[in-house]
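Here are a few exercises to work through with the model open beside you. Try each task before you read its solution.

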Amino acid sequence: MAAQQVERERIERRKAEKKGPIESGAKLSGTAADLLAAVRAVEGGAKPTATAFGESAPTARRPAPEPVRRPQPAPETAAPVAPAADAVDAVRRVLADGGAPDTLAPQVAAALGEGADEELREDPWQLLRVGGVRPEQADGFARALLGGEVGPDDERRGRALTGWLLEQAALAGHTALEMPTLTAALGGRGVPDAESAVQSTVAEGEALVFQDALDPRAPQPEADEEGEAEERPVRILVGLERYALAEESLADGLARLVNSVPKEDGSAEEWERAAARTKGSTAELIRVVAGHGLALHTGGEASLAEPATLLRAATALGLRAWAATHTPAGRDRFAARCEDSQETPAPDDSGSTPTGHTATVAGLLSGAEGPGRDADGALDLDLLVVLDASQLDVETAALLVESLRDGARLVLAGDPAVLWSAGPGRVFADLLAARICPQVASRLPDLGPLGELVSGIGIGELNQVEAPGKEVVIVPVRDAGEAVHRTVQLVADSVPRAIGVPADQTQVITPAHGGAAGTRALNTALKDRLNPGPGRFAGFDPGDRIAYSPTPGRTVPGHVVKADTEGLHLSCAGAPVVVPKERVEQSVRHGWALTAHQATGNRWPAVVVVLPGDTAQSLTRPWVYTAFSRADRHLSVVHGADQALQRAVSEIPPKPRTTRLPVLLATQLPTTS
């Protein structure tokens, strides 16, 4: 994809510019100091040794970023080429020698590249590069392949486990791990010298290590008469290069937007007249965007009217203004919102609305949607409003920000109460906490029983609401089996009959894929009732509802059209998609039932949320908020979690994520009032 090419070129550019992964600012002792000293030695070309950490220089504030010179993305980028058949066969033989399933051969060959068979034979723990392989399975493979040569202290094992743990952390949303957390996890996996394992991983260039001040905005301690200054508290972090560089690139790009002067696109009087035609937080948003390169906007579903009005006003002033959403359904919903918005005059005398100026984030970056790019590789626009901003992971956010020209405006708009991104980072939450740019909180409430219920959940209150039109219905169940039965009954019969919403417009949401009432069990039961069939093509039949994941972390609902020798033909948001047979198992699931993360960015007329007792421990306030707020007209809650639901809403906040973005922003930008 073009976006992937941009990302690769960006990383190479950052590697060339980078002076080193360490920012000094305090004296350390013990293993952290040894690790840092060894890394510096490697950067200087020496063999890594555990030497003492010497005197450190004061931390310098990062200079203002230079204007980004963006690579022009290729208009077309070929899909990833499958490994050659002989390469896959060679890997298959190595897997067979170690007793591993030969079905892993294509994935191993793709992950390790040229010479994959030799690399795997020399370092069997490279098997952990394949998704789904566990450390104990890699250990067994290594023992079978290497015999008596292998032990828990093998340096190759320590490096592979370090990388695997950092990858698992990224799947959980972290962009880096604190050193004690990482070494404790390695110790738990039987690595006898965890610090050496991390040091070896960093020396091989497979991870980066950072020293970050706990309070980066604190003044530098003054030196005493003997020239010694008080030590600043720091934390040591280790992260994978791709996320570390993305986070630094994002911070640099955001600082560039904050410090840049918005493009001359209308006098202050014209902006003020546009704001004066509106009221409340809508007017506030227009005034903020008029004078700033970066702004944040928060609110629920009703608040979408405000960026819609902003988009109309900016277009009326002659700006090339675009909005980008997380999902195709969100794109279409916002386009309809733009059509309904009447707070400002239309951008031209015809009274038309810029509904065509809405794209998905993925489509915008790839070039499949949006305005295209200029000669410097920047998006050819003046204002970008990114909706569903809570769903931005660090890599996607970095690509978006780097794609904006100097002087462009960026508005990140989203609901801070929903689940964070599926990918690593918590970009929107970090920016809200950093307070480096103006923030506008919408004062447009979500109305009706559903709006009242969801708004209460957002502040930790699970309230009973009056629902005269059966907008909210609680269905108590005793166990998972009854939960599945009642869910099928609701989707197939009760909701269509009592609410008037057909089964194909009702979405089931449950906390997990596994379990007796997870997505797999629910989808099996719902398929048997709503679209029974033999599932001749990898378990799918024409008419099946599906959840298609074109890339990890992205889910697009759709349905199966047909299957043939080309693969599985889908219709996703009205667009045809063909999934090759070998990728169906990885990227397509049945979609009558989804997890809340899969449902984020979408809404349906009716939603059935299933809360079986065996998933009570996984409930959090953001999960409940996200699941319940997917419903437009009707919400049924199949409730078997007893008091766990109330406890989750009132007591269980988002699971913390370790990121470096707040520190990186603090070293470049002051806080706003």
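**Exercise 1. List the residues that Leu 120 touches, leaving out those up to four places away in sequence.**

Step 1: set the rule, where contact means heavy atoms within 4.5 Å. Step 2: go round the side chain, and you'll find that Leu 120 touches Val 91, Val 94, Leu 95, Val 108, Leu 112, Gln 126, Leu 127, Phe 141 and Leu 145. Step 3: put Leu 120 in its setting, the largest nonpolar core, which has 86 residues. Leu 120 is among those with the most contacts inside that core, along with Leu 95, Leu 186, Leu 384, Leu 410, Leu 412 and Leu 665. Another core lies apart from it, with 32 residues, including Ile 457, Trp 623, Val 624 and Leu 645.

A nonpolar core here is a set of buried Ala, Val, Leu, Ile, Met, Phe, Trp, Tyr and Cys residues joined through side-chain atoms within 4.5 Å. Buried means under 20% relative accessible area, exposed over 50%, and partly exposed in between (1.4 Å probe, protein chains only).

A word on the ground rules: this is a predicted model, so local features need pLDDT of at least 70 and side-chain atom pairs count only at pLDDT 80 or more, while totals for chains, interfaces and linings use all residues. Residues are numbered from 1 along each chain as its sequence is written, and side-chain values use heavy atoms, with hydrogens and water left out.

**Exercise 2. Work out which residues Asp 446 is in contact with, beyond its neighbours within four places in sequence.**

Step 1: find Asp 446 in the loop between strand S9 (439–441) and helix H18 (448–458). Helices (H or I, at least four residues) and strands (E, at least two) are DSSP runs, numbered from the N terminus. Step 2: list the contacts of Asp 446, which are Gly 300, Glu 301, Ala 302, Gly 451, Glu 452 and Ser 455. Step 3: check the spacing to Ala 302; the two are 144 residues apart along the chain, yet their C-alpha atoms are separated by 5.3 Å. Step 4: look at polar atoms of the Asp 446 side chain, where one lies 3.3 Å from the backbone nitrogen of Glu 301 and one lies 2.6 Å from the backbone nitrogen of Ala 302. Step 5: finish with exposure; Asp 446 has a relative accessible area of 22%, so it counts as partly exposed.

**Exercise 3. Give the order of the 3 strands in the open sheet that includes S1.**

Step 1: the order is S1-S3-S2, with antiparallel pairing. Two strands pair if DSSP finds at least two bridges between them. Step 2: name the edges, S1 (177–178) and S2 (208–213), each of which pairs on one side only. Step 3: read off the bridges: 2 join S1 to S3 (residues 234–239), and S2 and S3 pair over 6. Glu 178 has Leu 237 as its bridge partner in S3, while Ala 213 has Val 234. Step 4: sort the side chains of S2, with Leu 208, Phe 210 and Asp 212 pointing one way and Val 209, Gln 211 and Ala 213 the other, all buried.

**Exercise 4. What is the sign of phi at Asp 388 and at Ala 573?**

Step 1: recall that most residues other than glycine have a negative phi. Step 2: Asp 388 has a positive phi, near 55°, and so does Ala 573, also near 55°. Step 3: place them. Asp 388 is in the loop between S7 (383–386) and H16 (394–402), and Ala 573 is in the loop between S14 (567–572) and S15 (575–579).

Note on methods: Polar contact = N/O pair within 3.5 Å; in protein donor to acceptor, adjacent residues only side chain to side chain.
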